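Please prepare a briefing on the structure shown here, covering its overall make-up, its helices, its charged contacts and its aromatic contacts.

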Amino acid sequence: METLLVECVQSNLRLFMHRNAIFLCERLCAEFPSELNLQLLASCYLHNNQAYCAYHILKGTQMAQSRYLFAISCFQMDLLREAEAALCPANEPNAEVPNGAAGHYLLGLIYRYTDRRESAVDHFMQALSIDPFLWVAYEELCILGAAEEANGVFGVAAALRFQQQNLHSEPSSRNLQTGSEDGSVPSSRTLGLDDTSLKQVKQLHGNNLRDIPGHPHGAVVAAGAAIQTANSGHNVSLYNTPSPVPVQLSGVAPPPLCRNVPPNLSTQGGEGSPRSTVNAVMQAPRRKFMDEGKLRKACLNVLLQVSGRLFSDSAPRRSTRLAGEAAANSNSNAPQIGGNGTNHSSTKFLGTFRERDSSKVSSATFRSVTVRKGQSWATESLDEGRRPEALDDARSDNTATTSSTTSASGDDRSFERERTNMQMCGALTHGSRVTGGVLELLGLLRTLGEGYRLSCMYRCQEALEVYLKLSHRQYNTGWVLSQVGKAYFELVDYFEADRAFSLARRASPYTLEGMDIHSTVLFHLKEEMKLSYLAQELISTDRLSPQSWCAIGNCYSLQKDHETALKNFQRAVHLDSRFAYAHTLCGHEYTALEDYENGIKCYQSALRIDARHYNAWYGLGMVYLRQEKCEFAEHHFRKAFQINPRSSVLMCYLGMALHALKRNKEALEMMEKAILADKKNPLPMYQKANILLSLEKLDEALKVLEELKEYVPRESSVWALMGKIYKRLGMHEKAMFHFGLALDLKPSAADVATIKSAIEKLHVPEEIEDNL
């Protein structure tokens, strides 16, 4: 009953029937109370987004998996100290973190959100060293600004480490299979279930493996169990005797030794007979493994060395046996050209991986495979011109001869050797395919990782070039296109950013990641209709996503309705308190409402979540600049500039803070850097002219403004500043002309008042105007 309930609960979880799983698991815990069953119940509640239930169920438990699940529930409830205590018990300072890479990743998140950056980086690195495919750990390192180059993280060392972990875990998988075969796990037929498919066998024989996410051998053991169940031909009892059928542990058929096998060879024997199983294995299609460079060769060499050692133990004994069989069979009709001893067969397998184009084996190849006790295949000619009848006669003669000359004890040893050899061949092929897949996946992660790392370092142009190296299929995915859009956003190329985000939205309309930045792009472009449409689409997709409410907030902010915008941004914060950008947007709205105190609190909240969120540093600098606290403003602008040293906007505002501090030489240098960083940005040129005006370098200031008006001919502030300079030069007619042009361009109400005041005082000397 306990086993049946566990299977039903796990089946319900796979089918997302969480309420039914919880109900059945409660029955299980009531009837069979144990900590393992409590873990399953807690998992059900976590799947159903009820972390508080899992918290109360697992509080005080001691097993490693229980502590991991308890830490997950604490993390979701924002009880970070309790989560840390569960993963690192105070009374066990040297205890291992449960669940390896996943445990270290969770601990890294806890340290990150409790402002312990070095410890967080250390645990993220440990997680990656255990599992090189744990992308989220590398993502966190990039966010923290501590990521190594992707070539170092997803390179040859990671592939070799993964291969070694696989080789070390193979014996344990075989032990697990042996335990399942000797009746330690009830079969499906014993439980009254008729379906003996691979899926159900995996459920029965892979319980220990299924609980470990990403375990590389769950399918392997299940495949071996499936072959044995399919070949049994009768109901399996609870304590069944293992069948003497060769079981391929790898779950992947080895490449065939021969080609063009006549049909009658494969149809000899019944459907469920061992011979048919071996034939199916031997005739499975072989995959070509191509030499793709030094990375693949390095990993394959490790695999081949290990496989060579494994084969070398049994080769002399099996070759001796086959030599004896060849002598006994010398009177048969079938010609004996060569035995298929282990030494010979292993050489053919290894040659398949060493040669680039070794896709063909000669049709004159011969093989001899012992199948079961008391019966063997003699060496069979596979020449395409040989008649099937001759092959049948040769097989029957050789079978009779072999059965009359082989002892029972010799057959037992022969079977064990054959079984071992088949397992080794399957392991070799499976390992090579795994190695090829590992190298391909690491290559993909290397490109994605390097692009993401460069984006987090705000080297956006380089990141865009890296993303272009991706294949067409990978580039045109929602995640990659969103990253491309963010890169263009940081480059202040809003049109390209809008285009990339629109493509991302088309590629995956159900994905909301990056849509908060897309709404900000549309805000800067003043695209009210597109922004409103995007916000409605996001809300209809997911009302509980913070990105949706950020888009709505940007809609209202564009319409100057800052109070309503603030409410929507606060809604986003309530939905995800760790969403740093939502805190920053709240700060912007408070600043627009001149509520500087609350604005500062919001920016500080964003920095507690992500210390490298430069937008929050910039927001604090703007608040202090408006409050004329220039030292504080310069400090915060410089912090933002250190994080994003390629931003023309940040350079410009840092220069403005330096100018307010009367450090005009430094301010001019910073403005020059800002102009070079982005020639399309008119703000640093305008501020440079202002600084030159304050230094009484009027001709240089006019020269800068003359160049600037070519870029922004409809910017009223440029014409107003030119009018002010002409007034100082005593050129009143030109000054009046430029002031009039500034008014014609419909400036803001505050600018209109300033320009009219300057016109009224046009003929008043500067000395008297300063005293007024």
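This is a predicted model, in which local features need pLDDT of at least 70 and side-chain atom pairs count only at pLDDT 80 or more, whereas totals for chains, interfaces and linings use all residues. Residues are numbered from 1 along each chain as its sequence is written, and side-chain values use heavy atoms, with hydrogens and water left out. The secondary structure of the protein chain comprises 40 helices and four strands, these being DSSP runs numbered from the N terminus (helices H or I, at least four residues; strands E, at least two).

**Overall make-up**

- Of the 772 residues in the protein chain, 50% are buried, where buried means under 20% relative accessible area, exposed means over 50%, and partly exposed lies in between (1.4 Å probe, protein chains only).
- The protein chain exposes about 38000 Å², of which carbon and sulfur atoms supply 53%; accessible areas come from the Shrake-Rupley method with a 1.4 Å probe, and for residues only the protein chains shown count as cover.
- When contacts (heavy atoms within 4.5 Å) in the protein chain are taken between residues at least 6 apart in sequence, 58% of them join residues at least 24 apart.

**Helix H7**

- The 14 residues of H7 should span 20 Å at 1.5 Å a residue, and its end C-alpha atoms are indeed 20 Å apart; the expected span of a helix is 1.5 Å times one less than its number of residues.
- Because 11 of its 14 residues are buried, H7 is largely enclosed by the rest of the structure; among those buried residues are His-104, Tyr-105, Tyr-111 and Arg-112.
- The buried residues of H7 pack against H5, H6, H8, helix H9 (135-143) and helix H30 (596-609).
- Asp-115, just after H7, takes a positive phi of about 60°.

**Helix H31**

- H31, with 13 residues, reaches 18 Å from its first C-alpha to its last, close to the 18 Å expected at 1.5 Å a residue.
- H31 is mostly covered, with 11 of its 13 residues buried, including Asn-615, Trp-617, Met-622 and Tyr-624.
- The cover over the buried residues of H31 includes helix H23 (478-490), H29, H30, H32 and helix H33 (648-660).
- Glu-628, just after H31, takes a positive phi of about 60°.

**Salt bridges**

- The whole structure holds 15 salt bridges, each defined as a side-chain nitrogen of Lys or Arg within 4 Å of a carboxyl oxygen of Asp or Glu.
- One of them joins the side chains of Arg-578 and Asp-78 at 2.9 Å, N to O, and this pair links distant parts of the chain, since Arg-578 lies in the loop between helix H28 (562-575) and helix H29 (580-592) while Asp-78 lies in the loop between helix H5 (64-76) and helix H6 (80-87), 500 residues apart.
- Arg-578 is partly exposed at 24% relative accessibility, and Asp-78 is likewise partly exposed, with a relative accessible area of 46%.
- Glu-84 and Arg-116 meet through their side chains in a salt bridge of 2.7 Å, N to O; Glu-84 lies in helix H6 and Arg-116 in the loop between helix H7 (100-113) and helix H8 (117-130), so the pair ties together parts that are 32 residues apart in sequence.
- Glu-84 is buried, with a relative accessible area of 14%, whereas Arg-116 counts as partly exposed at 25% relative accessibility.
- In a further salt bridge, the closest N and O atoms of Glu-696 and Arg-728 are 3.0 Å apart; Glu-696 lies in the loop between helix H35 (682-694) and helix H36 (698-711) and Arg-728 in helix H37 (residues 716-728), so this pair ties together parts that are 32 residues apart in sequence.
- Arg-81, Glu-84 and Arg-116 are joined into one network by salt bridges that share partners.

**Aromatic contacts**

- The structure holds 14 aromatic pairs, which are rings of Phe, Tyr and Trp (its six-membered ring) with centres within 6.5 Å, counted as stacked if the planes are under 30 degrees apart, edge-to-face if over 60, and tilted otherwise.
- Tyr-618 and Phe-637 form a tilted pair, 6.1 Å centre to centre with 50° between the planes; Tyr-618 lies in helix H31 (residues 614-626) and Phe-637 in helix H32 (residues 630-643), so the pair ties together parts that are 19 residues apart in sequence.
- Phe-637 counts as buried, at 0% relative accessibility.
- One aromatic cluster is formed by Trp-135, Tyr-138, Phe-154, Tyr-452 and Trp-479.
- The charged end of Arg-578 sits over the ring of Phe-75, 4.4 Å from its centre, a charge being over a ring if NZ of Lys or CZ of Arg is within 6 Å of the ring centre and within 35 degrees of the ring normal.
- Arg-27 lies over the face of Phe-23, at 4.6 Å from the ring centre.
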